Amino acid sequence: EVLGLFRVLGDTGGQADALFMLGNFGINSGDYQRAARFFADSLALLRERGDEKTTARGMAGLGVALLNLGDLATARELFEDSLVVARKYDDRWSTAMSLTMVGHTALADGGHARAQDLLAGAASLFADTGNLMYLQWCLEGLAGTAAARGDYERAAALDGARDALRAETGVLLPPVYPAGYAQTLATIRAALTPAAFDAARARLAGQSPQQITAAATSN
């Protein structure tokens, strides 16, 4: 309804915002094709307006949709471009988000060491800006990097911290890349006994977000 009203008014900025929110609804409901269309339309309007700063979030949104559709190359390019824009305007929130998404793409593409560095940097930045809601996306990625290098207990501990943080903030965001997250969990469960898995998951669960961040970003 809002999108229609902005179109009647000829407000392209409002249209871009509404399309971006519709893209987020598509991501959260798992309809990545629809999300990609909304994000692409939003991004086109932002570029038409010359609103370079806001394109960082539009590129990141479209990249998430494409990552989940299996187009890693285009997703990576969008995330890298969004990071350049975010840093150009010293937008710390967008920088943290772009680092997170580049990290998840690197993890999906087998670049585990790079993913570790990017996701740890994003986690620290989210913590510094007090934005704990999105820290859970860093934790699920860092659990993936730990599992990839065979540190299964650490991976389980980070996954437990992710769920604890979700409960504390009350924001249950879906995984950035559900297929990759499911693979991470399958790998951890296959490597640990049920008792070891549960014990590791409980290791960081009672700690503060600051303690969780410190543990997650340490080598």
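This passage describes the pockets, the nonpolar cores and one buried glutamine of a predicted model.

The largest pocket has a volume of about 360 Å³. Its lining comprises 20 residues. Closest to the centre of this pocket are Phe20, Asn24, Met97, Tyr134 and Trp137. Three elements each give two or more residues to the lining: α2 (12-29), α4 (52-68) and α6 (92-108). Helix α2 contributes the most, with five residues. By class, the lining of the largest pocket holds 16 nonpolar residues, three polar residues and one charged residue.

The second largest pocket encloses about 260 Å³ of space. It is lined by 14 residues. Leu107, Gly144, Gly180, Gln183 and Thr184 are the ones closest to its centre. At least two lining residues come from each of α6, α8 (135-148) and α10 (178-191). Here α10 gives the most, again with a count of five residues. The lining of the second largest pocket divides into six nonpolar, seven polar and one charged residues. Helix α6 thus appears in the linings of both pockets: it gives two or more residues to the largest and at least two to the second largest.

The nonpolar interior was examined next. The largest nonpolar core contains 51 residues. Within this core, Ile27, Leu62, Met101, Trp137, Leu139 and Leu158 touch the most other members. Trp137 also belongs to the residues closest to the centre of the largest pocket. Leu62 is in contact with Ala36, Phe39, Ala40, Leu43 and Leu78, leaving aside its neighbours within four places in sequence. A second core, separate from the largest, has eight residues. Among them are Ala156, Ile188, Leu192 and Phe197. In soluble globular proteins, nonpolar side chains tend to be buried together.

A polar residue was also examined. Gln116 lies in helix α7, which spans residues 112-128. The relative accessible area of Gln116 is 11%. Residues under 20% count as buried, so Gln116 is buried. Which residues does Gln116 touch, not counting those up to four places away in sequence? Its contacts are Leu142, Thr145, Arg149, Ala216 and Ser218.

In summary, the largest pocket, of about 360 Å³, has a lining with 16 nonpolar residues. The second largest pocket, of about 260 Å³, has a lining with seven polar residues. The largest nonpolar core counts 51 residues, and the second core counts eight.

Notes: Residues are numbered from 1 along each chain as its sequence is written. This is a predicted model: local features need pLDDT of at least 70, side-chain atom pairs count only at pLDDT 80 or more; totals for chains, interfaces and linings use all residues. Side-chain values use heavy atoms; hydrogens and water are left out. Helices (H or I, at least four residues) and strands (E, at least two) are DSSP runs, numbered from the N terminus. Buried means under 20% relative accessible area, exposed over 50%, partly exposed in between (1.4 Å probe, protein chains only). Contact means heavy atoms within 4.5 Å. On a 1 Å grid over the protein atoms alone, a cavity is a set of points where a 1.4 Å probe fits but cannot get out, and a pocket is an open set with protein on both sides within 12 Å along at least five of seven lines; lining residues have an atom within 4 Å of a point. Grid points are joined across faces, edges and corners, and a volume is the space filled by probe spheres set on the points. Ala, Val, Leu, Ile, Met, Phe, Trp, Tyr, Cys and Pro count as nonpolar, Asp, Glu, Lys and Arg as charged, and the others, Gly among them, as polar. A nonpolar core is a set of buried Ala, Val, Leu, Ile, Met, Phe, Trp, Tyr and Cys residues joined through side-chain atoms within 4.5 Å.
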